[in-house]
Each structure stands twice: as structure tokens, then as C-alpha cells.
Amino acid sequence: MAVIVGVRFKKAGKIYHFSPGKIDLREGDAVIVETARGLEYGEVTVASREVDDKDIVQPLRDILRKATAADIQRVEDNKKRQKEAFATCERKIEEHHLPMKLVDVEYTFDVNKIVFYFTADGRIDFRELVKDLASVFRTRIELRQIGVRDEAKLMGGIGCCGRPLCCSTFLGDFAPVSIRMAKEQNLSLNPTKISGICGRLMCCLKYESECYRKCSRSQRVRPPKKGSMAATAEGDGKIIFVDREKRTATVRLQSGKNITANWQDIIERDEDDET
């Protein structure tokens, strides 16, 4: 068994594991660690706990120290530099006439590298831009192309529910989301209603998906399909809504009347069946 703590470097970013060593750390403590990119400033989001050695991604690096007042001041200074670097990079992009959109700029804690995040429709030859930026900032430059989901995570915003975007507040990773999840939850398949501000399917479709699947597996009676023809005690009609939780379906009869019946009281049939 090994003792680890979870550290995040960005809000709603991925959690990385480190060894606390002999440092007493609590959730919310600011720390300085060494990563593949150099020294980084992060926040402890998972308090010390023991895990099996086989569940640890090696090598497990140590926490160097708790962040001091000077470290926190350096982070604030870097944030000011990032705004200046953003404006400079945008100007250089225009000078080089590159079809790319700058999204964010990030300084490493030790200022050994500047990372520029951008979006573009295809591959961009930015070699001359990198040389130009390196001559201005005199440090290592990295340009990283990201997708529309990552852009929404970095920029933030308000979702259709009226709350801040999940990806920019608490989601560490993007889980795969499919149109099948919307069908299982009887949601409208209108792209404008099930897509987030990034233009992709909303991440929240994943939240209740497993509950709907477990519900379907545990039900002995197969749920009827929305849009199919059905026979009921009051006559024939078309199924216009299926409630999986209550195990009922709403049927629009040929007379125009809507009725709600239990699944076991409905007999599905093909439209061309003669009854």
C-alpha cells in the first residue's frame, strides 16, 4: 500500500496523484510539485489516503512543499503575464494570416514554458509563428490545438439549464456521449435541444443513462416503442409517449383522444396488420 494525495492544476481539471512524503496535507492546501513540464502550482483536492501499489501510475512523484506567500504571488504575476501574452499572440496570428482562433494562454509556474491553446478547422503550419513568439518571450513555446469541447471547458459559460457548464466547474474528463442515451431517456432528438454550447451532445445525457439501462434490464415487460401502432382496451392508436419510470405509455387513438395505459395492457402491432 502507498499513501497518495490528489492534486489539480486547473479548476475542473484532471486529478493527478502524488506522494505527500512527510508533509501533512489537507484538502484545499496549495502545493508545489514537479511534473514533466517542470515545477507546477496545484491544489490538493483528494486528502491523503492509502491505495494499492498496482492502482498507481508510476513513477509516483513527491510533493515538494506547501505553497508559500511568494509562490502564490508568482502565480498572480503569471496570470498578468498571460493576459499580455494573449494580446501579443493574437497580434502575431494576424500578422502571419493564420486561420486559427486563440483560446487561452498558460504559463508554467517556473516560467520555463508558455502554452498557447487554439482552435482551427484543420492542420495549421505555425512554425514561423512559434519562432516569432520565441524571439519575443525568450522561453519555450508550445502551441496546442484543442477541440470545441475543450474550448468550452476553458472559456466557461452558462448551459441551457441556467447553471455554469459542467465541464468548466467539476467534470475532470469528457465521457463518451451518444444519441442512444437521448433515445433511452425519451428526449427530443432535435440537435438544438440536446446539444451544448460547444455544439456537441450535452455531457449531462450521461448522468442518468445507466439508471435507465438498469431499469430496462430489471423490467419483465418489454417497453413499447414510441411511434409504433398499438391496440388498447379503448381502441387502436399510435404510441406518442413512453414513461419508463411509471411503466406507462400514452396512446393517441384514431378518434383523436389520448389515453395513458400500463405496458401490459398495450399490444403493439405493425401498421399494415389487419385487426
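**Pockets of the predicted model and the setting of threonine 250**

The second largest pocket is lined by 21 residues, and those nearest its centre are Gly159, Leu165, Cys166, Cys167 and Cys203. A pocket here is an open set of points on a 1 Å grid over the protein atoms alone, where a 1.4 Å probe fits, with protein on both sides within 12 Å along at least five of seven lines; lining residues have an atom within 4 Å of a point. Two or more lining residues of this second largest pocket come from each of helix 3 and helix 4, with helix 4 giving the most, three residues. Helices (H or I, at least four residues) and strands (E, at least two) are DSSP runs, numbered from the N terminus.

The model is predicted: local features need pLDDT of at least 70, side-chain atom pairs count only at pLDDT 80 or more, and totals for chains, interfaces and linings use all residues. Residues are numbered from 1 along each chain as its sequence is written, and side-chain values use heavy atoms, with hydrogens and water left out.

In the largest pocket, helix 1 supplies the largest share of the lining, six residues.

Threonine 250 belongs to strand 11 (residues 248-253). Threonine 250 counts as buried because its relative accessibility is 16%, buried meaning under 20% relative accessible area (1.4 Å probe, protein chains only). Leaving aside neighbours within four places in sequence, threonine 250 is in contact (heavy atoms within 4.5 Å) with Lys238, Ile239, Ile240, Phe241, Asn258, Ile259 and Thr260.

Terms used:
Buried means under 20% relative accessible area, exposed over 50%, partly exposed in between (1.4 Å probe, protein chains only).
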